[in-house]
Structures are given as C-alpha cells and as structure tokens.
Amino acid sequence: MAATDEIRREWFEKDYYAILGVAKNATQTEIKKAYRKLAQQHHPDANAGDPRAEERFKELSAAYDVIGDEGKRAAYDRAREMGAAGFGGGSPNGGQGRGYGGYPGGVRFETGDVDLEDLLGGMFGGAPRRRTRPSRGADLETDVTLSFGDAMSGVTLPVTLTGPAPCTTCHGSGAAPGTQPVVCPTCSGSGQIAVNQGLFSMAQTCPQCRGTGRVIETPCPTCGGVGSTRRKRTIHVKVPAGVKDGARIKLSGKGESGAAGGPAGDLYVRVHVRADDRFGRKGDDLTIDVPVTFPEAALGAHVDVPTLREPVTLKVPAGTPSGKTFRVRGKGAPKKGGGHGDLLATVVVDVPRKLSREQKKLVEQLAEATETSPRAGLGVS
C-alpha cells in the first residue's frame, strides 16, 4: 500500500491555520510572514521564565512545520477534508469494501470504493512508521548599521549573538565524549508508538525518545544531553559591495542549534545604511547635486564632479537651466551581478545671497540688456 498506515492524530484535532492566524487559502509567503512575526513575539529568549510563551512557541513551530511546507500542507489539507467528510463508517457494500485495517499503528477506515492513497495523494510516503527527524534550530535575525562608503565598497562586520549554540564538548550530539546515542528500545528507532483508539489506531510520538528514535544513555556533562548551551558567539558577516538599505543577508546554519544534533537554523542580517552628505541612490544609480554659478550655466563650463573613486569632469553646455540632470555612465553603485550603475548629476544654479558693489553693477547692466521676460509665456510681463 503506497499511502502510510499512520496519520497523526494532531492533524485531525488541530487547526494549524488558526494557530498561525492565517486563512486556509493563504500563500506560502503569508504563512511564513505570520510565523516569523509570532515566533519572534513568543520566542523563549524574549519571554524568559514564561512557560506559556514557550508552549505557544512550540505550538507555532509545529504548525509551521506542516503548513509551511507545500508537500506537508497538501497532505494535511487532504487528511482534514477526509476527516470532515466522515470517512470511517461501515462499508456501503456490507463490509466488503477496500478497508485499510489490520496494520499495527494504521488507520482502520472502511472506505468502500474510495482509495485512501488517492485522497492523500501519496503525500505520506510508503513507510508505515518513520522516525521523527531531530528538531531544526530556530532562525535568528539581527541588524547591522554601516556607512554609505562601506556599503559601496563592501565590508566584513562582526556580529555578536547570545543564545543556544552547539555544545563545544559533545559538538551537538548530546552524548558524553566517547559515547554515542543508541536506538530507542521503546519504539525500536521509529520515533513513534501505536495507540489503539477503537476505529483508529493512531501513531503517537514515543515518550522515551520524544520522536528522535535515539536515547542518550550517558548525557554530556556540559549540556546535560541537550546538545546546546547558551553562550555568546561572534559571527563575521560579509556585506557585499553595493548593498542596499534594508537588504537581508542569509547565513545558512548560523542560527540556533537544533536539539539532539538537529540542523541549525539560519541567521538573517538586516542591513541599515546611513545617509551620505553628497550622494543619494535610486536603485543601482547614484544621484548628486552639482552647484554651478550663473556665468557657468549661461556661458557653459567644465566642472569637476565627485564619484565613488576619482572625480570626473562634466561638460555643462551654455544655457543649461537649473535642475538639468546629466548621466555619467558606470559611475554609480556596484551591481550584484557585476558592473556599476550610473551617476545622475543634477545642475543647481547657485544664486549668491550677497553681491559686491561691482557685481551688483554688472548684474544691473545685464538686467537692462535683457529684452525678453522669462514669464512671457504666462501672459504677463
């Protein structure tokens, strides 16, 4: 039989969508976002000494483990639809239907012509009992702030974290040095035991090994068999050149350590970039305002403009208006795939606040020589 004989009791009893506060038709992205928000709120590190927060965190993790995975979510939805439809009564053909009964730890349904494997889509796999994998560690998130210059050139920063980390004595196994975890004698390594519930024979997590299929006979003296200890650790984060404000950098396996040798979670580093006095940013392009005098704008000029490296000379044509933007190719921010964006240089005509007597006289002469008004198009002089 392709479909498994074991369907978790929790799948029938618990509404994982309600636990995470999302609709049944929520997207995977919405589910992930809801989980991250709630997990951060109820994480044990943020609620020290609060057992209710710890239980809530475990409940959230269990729900996300199922509906956060597209394959498990599909199986979960089918199982709950099957339960809601009332499968489990007598066979409509006098008990001669295709039942899946008689298997230790299996689900004894009399389903007539309904194929359990079709209902579940083969999502449970073929093994009648499967060991629960060691729990994966939680993902962590932290923030770093860097200057605009470091963001453009790239930099490696130290990040200090305090929390569960792999035990340095047993390296995460939980067993004392020189020993190894052994196969659980209660479940024979499957991680589950069968409990007869009348119509159902349900699979439950083994109480001795807690679903891992392993028992630690000689716990590590440092971590007590947990496999992790709470300590301070420093991780060096390589921030790539051209990183944008608000970017998230993923460091796989640098989150919290998993229980009993389980894989570690991931670390997400959110980058904050300080504003620069000279440059702004639009995507991969940099922006800069370039002040010019009225004579330079009116007569034309060559002016030096700063870039991330050496200055470039910008040709300002005669008659350039204030606000005119020039594009300098390849002088912008570094791109992720290589190369650079452009520099957008906007000319700003600098109007002096105070004039010398000679300057004022020359400007008055210019005003007298000006024959047309720039407001002529407005219908006024």
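In what order do the three strands of the open sheet run? The order is E1-E9-E8, and the pairing is mixed. Before I go through that, a reminder that this is a predicted model.

The chain as a whole, briefly. The protein chain has 381 residues, and 36% of them are buried. Its secondary structure comes to nine helices and 15 strands. If you take the contacts with a separation of 6 or more, 64% of them are between residues 24 or more positions apart. The exposed area of the chain is about 22,500 Å², and carbon and sulfur atoms supply 50% of that.

Back to the sheet, E1-E9-E8. Its edge strands are E1, residues 140–146, and E8, residues 248–251, and each of these pairs on one side only. Neighbouring strands in the sheet are turned against each other by 25° on average, with direction ignored.

Now the two pairings. E9 covers residues 267–273, and E1 pairs with E9 in the parallel sense, over seven bridges. If you want a position to look at there, find Val144, which stands opposite Val271 in E9. E8 also pairs with E9, but in the antiparallel sense, over four bridges. There the position to look at is Arg248, whose bridge partner in E9 is Arg270.

Which residues of E8 lie on its covered face, and which on its uncovered one? Ile249 and Leu251 are on the covered face, while Arg248 and Lys250 are on the uncovered face. So the Arg248 I just paired with Arg270 belongs to the uncovered face of E8.

Next, a helix. H3 runs over residues 28–42, which is 15 residues. At 1.5 Å a residue, H3 should span 21 Å, and its end C-alpha atoms are 21 Å apart, so the two agree.

Which residues of H3 are buried? They are Ile31, Ala34, Tyr35, Leu38, Ala39 and His42. These buried residues are on the same side of H3, because they cover an arc of only 125° around the axis. Turn to the other side of H3 and you find Thr29, Lys33, Lys37 and Gln40, which are exposed. For reference, buried here means under 20% relative accessible area, and exposed means over 50%.

To recap: the sheet has a parallel pairing of E1 with E9 and an antiparallel pairing of E8 with E9. H3 has its buried residues on one side and exposed residues, including Lys33 and Lys37, on the other. That is what I have for today.

Methods
Residues are numbered from 1 along each chain as its sequence is written. This is a predicted model: local features need pLDDT of at least 70, side-chain atom pairs count only at pLDDT 80 or more; totals for chains, interfaces and linings use all residues. Side-chain values use heavy atoms; hydrogens and water are left out. Two strands pair if DSSP finds at least two bridges between them. Helices (H or I, at least four residues) and strands (E, at least two) are DSSP runs, numbered from the N terminus. Axes are lines fitted to C-alpha atoms, for helices over the stretch in contact, and angles run from 0 to 180 degrees between N-to-C directions. Buried means under 20% relative accessible area, exposed over 50%, partly exposed in between (1.4 Å probe, protein chains only). The expected span of a helix is 1.5 Å times one less than its number of residues. The arc is that of the directions from the helix axis to the C-beta atoms. Contact means heavy atoms within 4.5 Å. Accessible areas come from the Shrake-Rupley method with a 1.4 Å probe; for residues, only the protein chains shown count as cover.
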